Amino acid sequence: MNKINTIEVKAITKIFDGDVKAVDGISFNVKEGEILGFLGPNGAGKTTTLNMLSTLLRPTSGTATVNGHDILTEPDAVRRSIGYVFQDTTLDIELTGRENLDFHGRLYGLERNTRQQRIKEVLELVQLTDRADNFVKTYSGGMKRRLEIARGLLHYPKVLFLDEPTLGLDPQTRRSIWEHILHLNQEKNVTIILTTHYTEEADYLCKRILIIDFGKIVVLDTPDNLKARLEGDVVTLLFKDPAAIETFRPLLESKDWIRRINVVNSGNNYAAMSRMMQTMPGMSSNIGMGGTVPEMDSRTIEGKRKIPEQVQQKSEQDVADKNPHFGGETCSKCLNLLVDNGGHRIPEIVKLADEAGVILESVELHKPTLDDVFLSVTGRNIREEEGSFIDMVRRHRIMQQARGRRVRG
Amino acid sequence: MVQPLSGQAIYVVLLRELKRYWRAKARVISSVAQSIFFLAIFGLGLGGFIGGFGGVNYLSYMAPGIIGMGLLFGSVFSGVSVIFDRQFGFMKEMMVAPVSRTSIILGKILGGATTATIQGIILMAVAGIMGAFTPSFAFVAGAFVAIGAMLLITSGFVGLGVAIGSTLNDFHAFQLLSTFVMWPMFMLSGVFFPIDGRPLPLQVAMLCDPMFYGVELLRWCLLGAGTDLLGPLGWLISLAVVAIFNILMVSLGTYLFSRAQI
């Protein structure tokens, strides 16, 4: 592998309002044709980094080159080299799919013939040819996403930024978007950076994964290498009584075949909360426009504010997704053990529990996943994004600011 | 900061405005209907008492002002629609493209001016059908000049709308905007009564209303005369004020849009 670097990031930093470090001096390279995943919870700095790389946001310090062009000195050349599929829909729903593509093609200065031929091509690529002349307001969420990806490709960018490409989509649609992403990466040799907080998405799509938290790179490696860092097997214990965790834990700590013990915290569910804030009409009107950071509303935190129905559904969906190993139960009653030769140790663990009078509801054994990696490198579960209240406020503040930021023209 | 302009970018943003206008038929119909109500009900109802002003009947007197109302509301709201572009995310699609913000906003202003002028032409035709204008060669020539005046008037007001839309945050401000900016501008524009002989404070208020000069200009184009107060050079004064307002508002709108957050 002797490929050139399509993206080179040099100590890029973004500080909002003097003290909030959204991105903290990160450096990395992306090779031509690579798919790099930014994995991290909300507010980790993923979108802020993409906004800087796409010249929408000026870095506080540091710089980067994209396709050989400096983001500070050659923003137009950078913009021509990239396609950006934003996290939220940026289609004009009053226009048809084809018109949205046509608008984009003209904006990027494509000639009439080129434009028409490429529109046909990208529509076929995302299988929207049949619906191209329908208004976008009649499209489903997955179709809108596919149309946006198609649009991002229309001007043949060398680099494609995908910000949470499958957020809020059902599993089937998600799978089909994944196939499209892989397909166009292989077919067009497009270099891709995608952000996600779905570990399985990062695992499936990315050649390398960059775990980012609080604006810093925690680790950057291939999915396999990351998982190999966690030698052994993950054994997850589900207790009948959460209080038993504390009595049982010291017994386990004395065993040398247990490499690591992680309590899987139950979330105060920052993800759902922040999403709720984004979706609430009253709050969202403050986001991205006024630049004023709304005060954290204590009523919101106490949950007394009325949550719109769709958000409620979303949160429920999150809970269901949360931990597939436990049929959707939240894990306030779980303990994760990293164990050598896990299969052979299960009887021993069960015996230990029996002797201690602790009742285990179930025992699960699995190979380490990126969820486990995330837990081991950041000390937190990515889905639940639990943390102290201070962390939560801090993330919220960063996100508010990142959204409300002035964008470079 | 001087930013390079891209003809194609200006054109495509303009094209989008036209398409959206063309498709929002309900909006077009309701605004035309509103103007017809004004002309018919006020023209018939008040016209009987008032007779007319400045040698024309009341319907004819009102017609340029009612056309002006269509222009004013159409253009300010199309400028303010940058709020919606931001809210629904489409602004980001434009912002990340390799074109300057100036190109985008000029396209927006030209598009808004074009659609509002189309609205004005429709109203001019409706008023003509209702008998507001005397058919003559002079009138036809005046009507063509009026179309030019409409473009000048509306692009200024789209600029004002963009300036407001780039500063305000949310939809709620719409109601305030309508009550405290649009309606006073409309009612002080001399649409229902001439400035001549009004109490001084009212005259001053009317002279401060940019739309007053717009209506005055249209009245010169369509009726061939204006108010006594501005005199025989009223058309020139009005044209100058409208032109200066246009330059100021387009510049202000462009500036505020360029530094706004998305």
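Trainee: Which strand of chain A do six bridges join to β11(A), and how do the two run?

Mentor: This is a predicted model, in which local features need pLDDT of at least 70, side-chain atom pairs count only at pLDDT 80 or more, and totals for chains, interfaces and linings use all residues. Residues are numbered from 1 along each chain as its sequence is written, chains are lettered from A and ligands numbered from 1 in the order in which they are written, and side-chain values use heavy atoms, with hydrogens and water left out. Strands (E, at least two residues) and helices (H or I, at least four) are DSSP runs numbered from the N terminus, and two strands pair if DSSP finds at least two bridges between them. Six bridges join β11(A) to an antiparallel partner, residues 334-339, which is β13.

Trainee: What is the bridge partner of A:L238 in β14(A)?

Mentor: β11(A) is also joined by six bridges to β14 (residues 360-366) of chain A, again antiparallel. On the β13(A) side, A:L238 stands opposite A:C334. In β14(A), its partner is A:S362.

Trainee: How many of the residues of β11(A) are buried?

Mentor: Buried means under 20% relative accessible area, exposed over 50%, and partly exposed in between (1.4 Å probe, protein chains only). A:D233, A:V235, A:L237 and A:F239 point one way, while A:V234, A:T236 and A:L238 point the other way, and all are buried. The count for strand β11 (residues 233-239) is seven of seven.

Trainee: Which parts of chain A does the salt bridge between A:E164 and A:K46 tie together, and how far apart are they in sequence?

Mentor: A salt bridge is a side-chain nitrogen of Lys or Arg within 4 Å of a carboxyl oxygen of Asp or Glu; for A:E164 and A:K46 the N to O distance is 3.6 Å. A:E164 is buried at 2% relative accessibility, and A:K46 is buried at 5%. A:E164 lies in the loop between β7 (159-163) and α6 (171-188) and A:K46 in helix α1 (residues 46-53), so the pair ties together parts separated in sequence by 118 residues.

Trainee: Which residues are linked with A:D92 in a network of salt bridges?

Mentor: The side chains of B:R16 and A:D92 meet in a salt bridge at 2.5 Å, N to O. That pair crosses between chains, from helix α1 (residues 7-23) of chain B to the loop between β6 (82-85) and α3 (97-107) of chain A. Both B:R16 and A:D92 are buried. The network links A:D92 with B:R16, B:E17, B:R20, B:D85 and B:K108.

Trainee: Is A:G68 buried or exposed?

Mentor: A:G68 lies in the loop between β4 (61-66) and β5 (69-70) of chain A. Leaving out residues up to four places away in sequence, A:G68 has contacts (heavy atoms within 4.5 Å) with A:T6 and A:E74. Its relative accessible area is 59%, so A:G68 is exposed.

Trainee: Which helix supplies the largest share of the largest nonpolar core?

Mentor: A nonpolar core is a set of buried Ala, Val, Leu, Ile, Met, Phe, Trp, Tyr and Cys residues joined through side-chain atoms within 4.5 Å. The largest has 54 residues, and those with the most contacts inside it are B:I67, B:F133, B:F157 and B:L222. The largest share, 13 residues, comes from α3(B).
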